[in-house]
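The following exercises concern a predicted model. Please work through each task with the structure at hand before reading its solution.

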Amino acid sequence: MKTKIQTLREEIAAASAASAEEVEALRIKYLSKKGLISALMNDFRSVPAEQKREIGQALNELKSYAQERLAELRDGLGCSATAALEDLSRTPAPMALGTRHPLSLVREQIVDIFRRLGFTIAEGPEIEDDWHVFESLNFAPDHPARDMQDTFFINRRPDVLLRTHTSSVQTRTMVGSKPPIRIICPGRVYRNEAISARAHCFFHQVEALYVDRNVTFADLRQALLYFAREMFGPETQIRLRPSYFPFTEPSAEMDISCGLCGGKGCSFCKGTGWVEILGCGMVDPAVLEACGIDSHEYTGFALGMGIERITNLKYRVNDLRLFSENDIRFLEEFTAAR
Ligand code: DAH
């Protein structure tokens with residue numbers, strides 16, 4: 001009996017398993033009711049009385065050793081103690097999927113709306129030169145936007161800088177291509193601002209540009225109305241206010257009716273019933289000419305908006321810092337919008 005116990009112990013010590021099934025097979029072989037250890041337990045009855053104490057102890061030790069050894073083999077496989085007994089046909093536990101960043105969501109919504117109007121995506125570099133960001137867009141040499149206080153310069157003379165707006169993609173695209181041009185340009189832009197709830201040193205814009213024969217302000221207005229209603233709902237009203245940008249003439253800023261109060265006036269729209277969402281206008285002939293496009297033959301409209309601003313209006317995110325803090329609790333709020 002003693003030798004049998006010893007042999008079994010050595011066998012169990014040498015056992016190995018490559019899968020949960022193999023561990024289970026070992027359990028059946030040694031520890032189940034009909035297993036080898038139970039068989040020894042049955043034989044125990046015929047052990048002479050004076051040996052019962054010693055053998056009994058050895059048997060119990062063998063059983064605990066077998067249990068420990070199997071647990072060890074199971075752990076080595078990286079499966080839980082109950083894994084071998086689990087129903088493998090059950091529905092798997094839901095996998096935690098990541099969420100889209102709210103700015104990506106909104107960028108895609110904007111791009112998608114313009115895509116339906118026939119616009120295609122164009123991109124440009126974030127590190128730009130003065131010509132594409134300022135000069136080609138009609139900024140006077142002493143325009144304040146060219147100041148170090150607004151622009152991050154990487155190098156001066158020749159000027160290498162981080163683009164302050166996506167309008168640079170307009171001129172990048174226009175140079176060397178022939179109208180019709182219908183592009184939408186999403187991208188990151190940089191400005192030398194102190195970080196607060198309302199300002200950040202980087203943010204995101206989407207620019208749209210349409211150049212062709214006979215493009216008029218009415219086309220711009222219709223595209224804007226379509227965009228506003230697709231983005232903010234069919235009841236949305238738009239309003240264009242005269243404004244100024246160096247690269248458009250005439251220029252306008254667009255407001256939409258406040259989605260919170262429906263235009264009646266509330267604290268969100270500061271009682272006006274309107275909230276500003278973007279800048280736009282007819283491409284200044286000087287910009288077309290700078291890019292080699294005949295301004296007597298062609299006209300165009302352009303518009304630019306901040307993605308953070310649209311996201312704020314759509315999802316009421318009113319602290320810009322939330323977008324770059326990567327707080328998982330904030331990001332998970334957009335799971336449903338995925
Ligand atoms: N580039 C402007 C800005 O950064 C936004 C803008 C205004 C873009 C009017 C345009 C436009 O294309 O027509 O504030």
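**Exercise 1.** Determine which residue in S4 is the bridge partner of Glu 128, and place the two strands within their sheet.

*Solution.* In S4, Glu 128 has Leu 161 as its bridge partner. The next step is the strand pair: S2 and S4 (residues 160–162) are joined in the antiparallel sense by three bridges. Widening the view, the open sheet consists of three strands in the order S2-S4-S3, with antiparallel pairing. Its edges are S2 (127–129) and S3 (153–155), each of which pairs on one side only. From one strand to the next, the twist averages 35°.

**Exercise 2.** Classify the relative orientation of helices H2 and H3, and describe their contact.

*Solution.* The axes of H2 (residues 20–31) and H3 (residues 36–43) cross at roughly 10° and come within 4 Å. Angles under 35 degrees count as roughly parallel; H2 and H3 are therefore roughly parallel to each other. At the contact, Lys 29, Tyr 30 and Leu 31 of H2 meet Leu 36, Ile 37 and Ser 38 of H3. These contact residues comprise four nonpolar, one polar and one charged.

**Exercise 3.** Identify the residues with the most contacts inside the largest nonpolar core, and examine the surroundings of Phe 301.

*Solution.* The largest nonpolar core has 44 residues, and those with the most contacts inside it are Ile 110, Phe 114, Phe 227, Leu 278, Phe 301, Leu 303 and Met 305. Elements giving two or more residues to this core include helix H5 (102–116), helix H8 (217–232) and strand S10 (299–306). Leaving aside residues up to four places away in sequence, Phe 301 touches several residues, among them Phe 119, Leu 209, Leu 220 and Met 282. Another core, of 23 residues, lies apart from the largest one and includes Val 133 and Ile 183.

Terms used
Residues are numbered from 1 along each chain as its sequence is written. This is a predicted model: local features need pLDDT of at least 70, side-chain atom pairs count only at pLDDT 80 or more; totals for chains, interfaces and linings use all residues. Side-chain values use heavy atoms; hydrogens and water are left out. Axes are lines fitted to C-alpha atoms, for helices over the stretch in contact, and angles run from 0 to 180 degrees between N-to-C directions. Angles under 35 degrees count as roughly parallel, over 145 as roughly antiparallel, 65 to 115 as roughly perpendicular and the rest as oblique. Contact means heavy atoms within 4.5 Å. Ala, Val, Leu, Ile, Met, Phe, Trp, Tyr, Cys and Pro count as nonpolar, Asp, Glu, Lys and Arg as charged, and the others, Gly among them, as polar. Two strands pair if DSSP finds at least two bridges between them. A nonpolar core is a set of buried Ala, Val, Leu, Ile, Met, Phe, Trp, Tyr and Cys residues joined through side-chain atoms within 4.5 Å. Buried means under 20% relative accessible area, exposed over 50%, partly exposed in between (1.4 Å probe, protein chains only).
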